[in-house]
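Got your viewer open and a hand free for selecting residues? Let's take a walk through the model, one stop at a time.

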Amino acid sequence: LSLGWRLYEEVVQQYTPLLMYAVAAAGSLFGFDGTTFRLVVALPLFAQGLLLGVGVLRGRLSTGRLTVWLAALGAVAAWTAYFDAFAIWPDAALAPFALGTVLLLEEFERSGRTRPLASAGLLLGIGILVKQTFAWTALGGAAWLLLASRRRTARRAVVLAVAVAAPCLAFWAAWAAAFGTTAHFRWTFVLPLTRHTGDMGVAPGGQDLLEAVAPFLVLAAAAVLVPPLVRRRAPSPLPWVTLATVAMAWPRWGLLHLAATTGLLALALARALRAAVAASRRFRRPGRPAVSRAPVLGAGLGLLATHVAVAIAGGGVELTAQAGGGVRYWDEPPLVRLAAETADRVGRGQELLSYFATNDNIYVRSRTVPPGRLYVNIGFWFFLREDGLDERLTTRLSLRPGLPVLFRGPVGEDLEHARRTRIWRFLDRNTRVLSGASEDAEWREVARSAADSGPGRRTDGLAR
């Protein structure tokens, strides 16, 4: 994208565009290196810290509020590590969007003014332009407005719906007008909903679900510890939006897809801590009501303690382990080593095909380009059946004898799917091995003549 290639036609992706263009702009301005990648990762974390300050430090500043805010900041760091989300990834980038939405909806609930509601809708709509599954978060906000808010009306529901839809409609219309295409609409909306959901779906196992429960125990703790009267007077969208955001892990399960909840979890922790302190003070007052509150207080504190223990033992350990390990997918040591080798061997600005060797950010890190001004993630085999991509990419390879290929043979289900593609058959019959590469990959080139190609030139791994 930083070279001017057109998204959805020359750079084929299924995500909405904002994060991709933000990374391209940052790299163009500051360089595609570890420092830039860390800054991109740090911005959502910094934004969550500021927003938590707004949510926690509101009103009279005190030592207790500052302590709770610091605990919330620690929670953001711990759960980001727990979700393996120190990464340039849409879900992680959306955490401040989700947190900001809750704070705006709460401001609407307090004031009754339409502007915070419309602002929340716009923020949700812009978030959908980072990743489509953020629409789940928008549904959570809408459900709260329709079912729980004291200020719900049909008119306000329409305001929220229009505000959410506006950024997406503007993007689809402007892109179509500028480039005379509907590819962006097809790749970001039609294909994900109609054809690719089943192809990319990964269901969670029992252990996966168990790992995902502990972070969200804080919602139950807050529900138990905050007095019912307080909840009725000011029904918060926090649990509604948080649980809806969890749905971003569908259809492709993974803890990383829960990363948009980190700020929400931190806000819930801050409120649960304050509620626990207040409940403990009430419990110490003499009288029979204190005895009747004991089971409730004990249950709430138990849930809160479990949440905090997992944050420290799980998130804290992960935070220590990940320190200095590089930004996930962009600056990890194995990728950096292979990128340096690629830049030396191929040359910056030269064409290369990476086939299952590593993640496709190898092109960015080595400053090489895919062949024929066409990029598609070959690992998503189901992309290749769309828009003639399999044939188009294979044709580009056939016209480039001597093209370097950084290759690693796919395994398991990836291998079964790969065998059905044209590009697999081409690489099987029309490339030759030159040498090994780091990270268990190998260097190949597209055959320069008939003598260099054919089944006799296969390696054992490729023949399998």
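How many salt bridges does the count come to? The count is 21 salt bridges, in what is a predicted model. The idea behind them is simple: oppositely charged side chains can pair when their charged atoms come close.

**Stop 1: a few salt bridges**

Select R373 and E10 to begin. Their side chains meet in a salt bridge, 2.8 Å from N to O. The pair links distant parts of the chain, 363 residues apart: R373 sits in the loop between α18 (362–366) and β3 (375–376), and E10 in the segment before β1 (11–12). Show the surface too, and you'll find R373 partly exposed, at 37% relative accessible area.

Next, pick E109 and R150, whose side chains form a salt bridge at 3.2 Å, N to O. E109 belongs to helix α5 (residues 95–111) and R150 to the loop between α7 (135–147) and α8, so this pair ties together parts that are 41 residues apart in sequence. Which partner is buried and which is partly exposed? E109 is the buried one, with a relative accessible area of 3%, while R150 is partly exposed at 46%.

Now jump to R385 and E386, another salt bridge, at 3.7 Å from N to O. R385 is partly exposed at 40% relative accessibility, whereas E386 is buried at 1%. Keep both selected and add R186, R195, D199 and D387: together with R385 and E386 they are linked in a network of salt bridges.

**Stop 2: aromatic rings**

Switch to the rings; the structure holds 23 aromatic pairs. Try Y21 and W175, with ring centres 6.4 Å apart and planes at 50 degrees, so the pair counts as tilted. Y21 is in helix α1 (residues 18–30) and W175 in helix α8 (residues 154–179), so the pair ties together parts 154 residues apart in sequence. Y21 is partly exposed, with a relative accessible area of 32%, and W175 counts as buried at 10%.

For another geometry, go to W79 and Y82: their ring centres lie 5.1 Å apart with planes at 85 degrees, so this pair is edge-to-face. The two are three residues apart in helix α3 (residues 63–82), separated by about one helical turn. Both residues are buried, W79 at 0% relative accessibility and Y82 at 14%.

Before leaving the aromatics, return to Y21 and W175 and add Y8, F171 and F179. Ring pairs link these five residues into a cluster.

**Stop 3: along helix α9**

Select T188, in helix α9 (residues 183–194). Is T188 buried or exposed? Its relative accessible area is 3%, so T188 is buried. Setting aside residues up to four places away in sequence, T188 touches Y8, Q14, Y15, T16, Q132 and W172. With W172 there is also a polar contact of 3.5 Å between the side chains.

L193 is found in helix α9 as well, but this residue is exposed, with a relative accessible area of 55%. Add F185, F189 and V190 to your selection: with L193 they form a nonpolar patch on the surface, with about 330 Å² of accessible area together.

**Last stop: helix α10**

Finish on T197, in helix α10 (residues 196–200). T197 counts as buried, at 19% relative accessibility, where the cut-off is under 20%. Leaving out neighbours within four places in sequence, T197 is in contact with P192, W250 and P251.

Technical notes. Residues are numbered from 1 along each chain as its sequence is written. This is a predicted model: local features need pLDDT of at least 70, side-chain atom pairs count only at pLDDT 80 or more; totals for chains, interfaces and linings use all residues. Side-chain values use heavy atoms; hydrogens and water are left out. Helices (H or I, at least four residues) and strands (E, at least two) are DSSP runs, numbered from the N terminus. Buried means under 20% relative accessible area, exposed over 50%, partly exposed in between (1.4 Å probe, protein chains only). A polar contact is a pair of N or O atoms within 3.5 Å; within protein, one must be able to donate a hydrogen and the other to accept it, and residues adjacent in sequence count only if both atoms are side-chain atoms. Contact means heavy atoms within 4.5 Å. Patches are made of residues with over 30% relative accessible area and no salt bridge: like charges are joined within 9 Å, nonpolar side chains (Val, Leu, Ile, Met, Phe, Trp, Tyr) within 5 Å. Accessible areas come from the Shrake-Rupley method with a 1.4 Å probe; for residues, only the protein chains shown count as cover. A salt bridge is a side-chain nitrogen of Lys or Arg within 4 Å of a carboxyl oxygen of Asp or Glu. Rings of Phe, Tyr and Trp (its six-membered ring) pair if their centres lie within 6.5 Å; planes under 30 degrees apart count as stacked, over 60 as edge-to-face and the rest as tilted.
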